[in-house]
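The following exercises are meant for a reader meeting this structure for the first time. Each one sets a task and then works through a solution.

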Amino acid sequence: MKTRFFDRLIDHGTLVIHYPDANTQLIGQGSPTAHIHLRDRRVLARLLSDPEMAFGEAYMDGDWWPGEGGLLALFELYFANVDNFGSSRILDLARHALRGLREANSRLRARRNVKHHYDIDHELFEKFLDADMQYSCAYFESAEMDLEAAQQAKCRHIARKLCLQPGDHVLDIGCGWGGLALYLARHHDVRVTGLTLSDDQYGYACARAAREGLADRVRFLQQDYREHDGDCEQGYDAIVSVGMFEHVGRPQFQVFFDQVHRLLKPGGRSLIHTIGRNGPPIESTQGWIEKYIFPGGYIPSLSEVAPCVEHTGMSLSDLEIWRLHYARTLDCWNRRFQHHRDAFRERLGERFCRMWEFYLLGCQAIFRWGELVVFHIQLAHENDTVPVTRDYLYKDLTAAPRRIQENEFERTG
């Protein structure tokens with residue numbers, strides 16, 4: 001029987017298969033436990049025929065659905081037995097999550113990929129994101145924080161890492177709906193240039209800047225980062241990129257960091273906030289999320305990013321790893337999505353809703369039990385640009401962080 005295949009995979013926990021004739025089959029024992037209901041027995045053959053695609057597509061089609069514990073329980077069971085799946089194809093979705101097959105991300109393809117996801121439906125994003133429309137990992141400084149507070153905490157944390165001074169000019173690569181750019185202008189008296197390829201994000205961000213009286217300090221351009229030349233020969237005082245590097249594509253990593261190097265002033269600071277892989281690089285494989293959610297994306301391991309930084313000659317001033325913050329962010333997003341699910345179903349269809357919740361919960365699982373984290377890569381041209389301790393990030397400072405003085409750390413006596 002096909003189910004014997006599962007016997008070799010489930011060492012930890014229990015998979016309960018519910019058949020349409022009301023029979024059930026238990027595979028494994030103990031916790032965690034997950035339930036899967038099959039519309040008919042032929043679904044099992046579909047799942048085994050092309051699991052990288054079929055597991056998610058069959059869920060979208062209503063061929064199977066989870067029981068007690070929901071989708072998240074199934075993902076938890078997968079990660080409890082992840083080592084058994086390394087050489088098999090079944091349920092390899094999570095391991096292939098966020099991989100990119102088409103990594104040669106030309107300017108035309110980059111625009112097409114952005115439109116595939118970010119221009120789907122403005123109301124969708126407006127309903128499940130926070131009020132500031134931040135579509136990236138929030139920073140939960142305490143267990144009591146809600147999503148709105150955690151997204152503002154992220155902006156505050158990033159602003160401190162940029163060591164901003166009034167009058168600085170900041171480049172925001174991949175500015176989304178403009179929340180971070182407007183935050184920096186409002187709270188730090190800086191000018192910001194934001195880049196996006198999305199029609200919806202560009203229109204919304206420009207309108208919001210005008211509505212909030214910040215259009216004189218914040219401008220948004222619908223432009224590829226590779227096409228941007230900056231405003232002056234001196235470059236930008238600070239460059240930030242949040243949640244965009246995942247879309248760059250592996251062949252363009254060096255191009256991206258070379259552009260940061262070129263556009264950043266000699267005394268400038270940069271912060272790259274990106275999903276990262278807490279493990280070795282992976283082979284390039286097309287998966288469900290690459291096809292349906294994020295075409296052209298690739299999540300880097302640190303070993304793939306570090307050489308690109310080294311080749312620019314920039315200094316790696318700090319590297320911070322955010323663990324579990326994105327799992328909690330995705331949980332918040334899914335709860336908000338579920339709250340409005342009926343309205344989304346009426347407008348976008350049941351299949352879309354199944355696709356979106358599979359994406360949100362699958363990603364939550366891989367950040368919670370898998371190998372994905374968030375990298376905070378802080379860069380500068382000079383080794384003494386950024387303070388030499390992290391105190392400036394966690395204190396309520398009345399002045400901007402002080403640059404260390406020449407010879408301040410020379411040995412004495």
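**Exercise 1. Describe the surroundings of Arg354 in this predicted model.**

Solution. Begin with the ring: the charged end of Arg354 sits over the ring of Tyr59, 5.0 Å from its centre. Next, place the residue in the fold: Arg354 is part of helix α16. Its relative accessible area is 16%; the cut-off for a buried residue is under 20%, so Arg354 is buried. Finally, list its contacts, leaving aside neighbours within four places in sequence: these are Tyr59, Met60, Gly62, Trp64 and Arg341. A charge over a ring is also found elsewhere, where Arg41 lies over the face of Tyr19, at 4.0 Å from the ring centre.

**Exercise 2. Determine how helix α15 is oriented relative to α16, and which residues make the contact.**

Solution. Two packed helices are described by the angle between their axes and the distance between the axes. Here the axes of α15 (residues 341-348) and α16 come within 7 Å, and they cross at roughly 130°. This angle lies neither over 145 degrees, which would count as roughly antiparallel, nor in the range 65 to 115, which would count as roughly perpendicular; α15 is therefore oblique to α16. On the side of α15, the contact is made by Arg341, Phe344, Arg345 and Leu348, and on the side of α16 by Glu350, Phe352, Cys353, Arg354 and Glu357. Sorted by class, these are four nonpolar, no polar and five charged residues.

**Exercise 3. Classify the pair formed by Phe352 and Trp356, and explain how the two are spaced along their helix.**

Solution. A pair of aromatic rings is described by the distance of the centres and the angle of the planes. A search of the whole structure finds 30 aromatic pairs. In the pair of Phe352 and Trp356, the centres are 5.4 Å apart and the planes make an angle of 15°. Planes under 30 degrees apart count as stacked, and this pair is stacked. Along the sequence, the two residues are four apart in helix α16 (residues 350-369), so about one helical turn separates them. Both are buried. They also belong to one aromatic cluster, whose members include Phe125, Trp177, Tyr326 and Tyr359.

**Exercise 4. Identify backbone features that depart from the usual pattern, and locate them.**

Solution. Most residues other than glycine have a negative phi, and most peptide bonds are trans. Consider the peptide bonds: a cis bond joins Ser31 and Pro32, with omega about 0°. Pro32 is found in the loop between β2 (24-29) and β3 (33-38). Now consider phi: Met133, although not a glycine, has a positive value of about 60°, and Cys163 has a positive value near 50°. Met133 is in the loop between α7 (122-128) and α8 (147-161), whereas Cys163 is in the loop between α8 and β5 (169-173). Met133 is buried, with a relative accessible area of 4%, and Cys163 is buried at 8%.

**Exercise 5. Decide whether helix α4 is mostly covered or mostly uncovered, and set it beside the whole chain.**

Solution. Helix α4 spans residues 70-80, and eight of its 11 residues are buried. Among them are Leu71, Phe75, Tyr78 and Phe79. The helix is thus mostly covered. In the chain, buried residues make up 56% of the 413 residues. The chain has 17 helices and 11 strands.

Methods:
Residues numbered from 1 in each chain as written. Predicted model: local features only at pLDDT ≥ 70, side-chain atom pairs only at ≥ 80, totals over all residues. Heavy atoms only, no water. Buried < 20%, exposed > 50% of the residue type's maximum accessible area, 1.4 Å probe, protein only. Phe/Tyr/Trp six-rings, centres within 6.5 Å; stacked < 30°, edge-to-face > 60°. Lys NZ or Arg CZ within 6 Å of the ring centre and 35° of its normal. Axes fitted to C-alpha atoms, helices over the stretch in contact; angles between N-to-C directions. Parallel < 35°, antiparallel > 145°, perpendicular 65-115°, else oblique. Contact = heavy atoms within 4.5 Å. Nonpolar A, V, L, I, M, F, W, Y, C, P; charged D, E, K, R; others polar.
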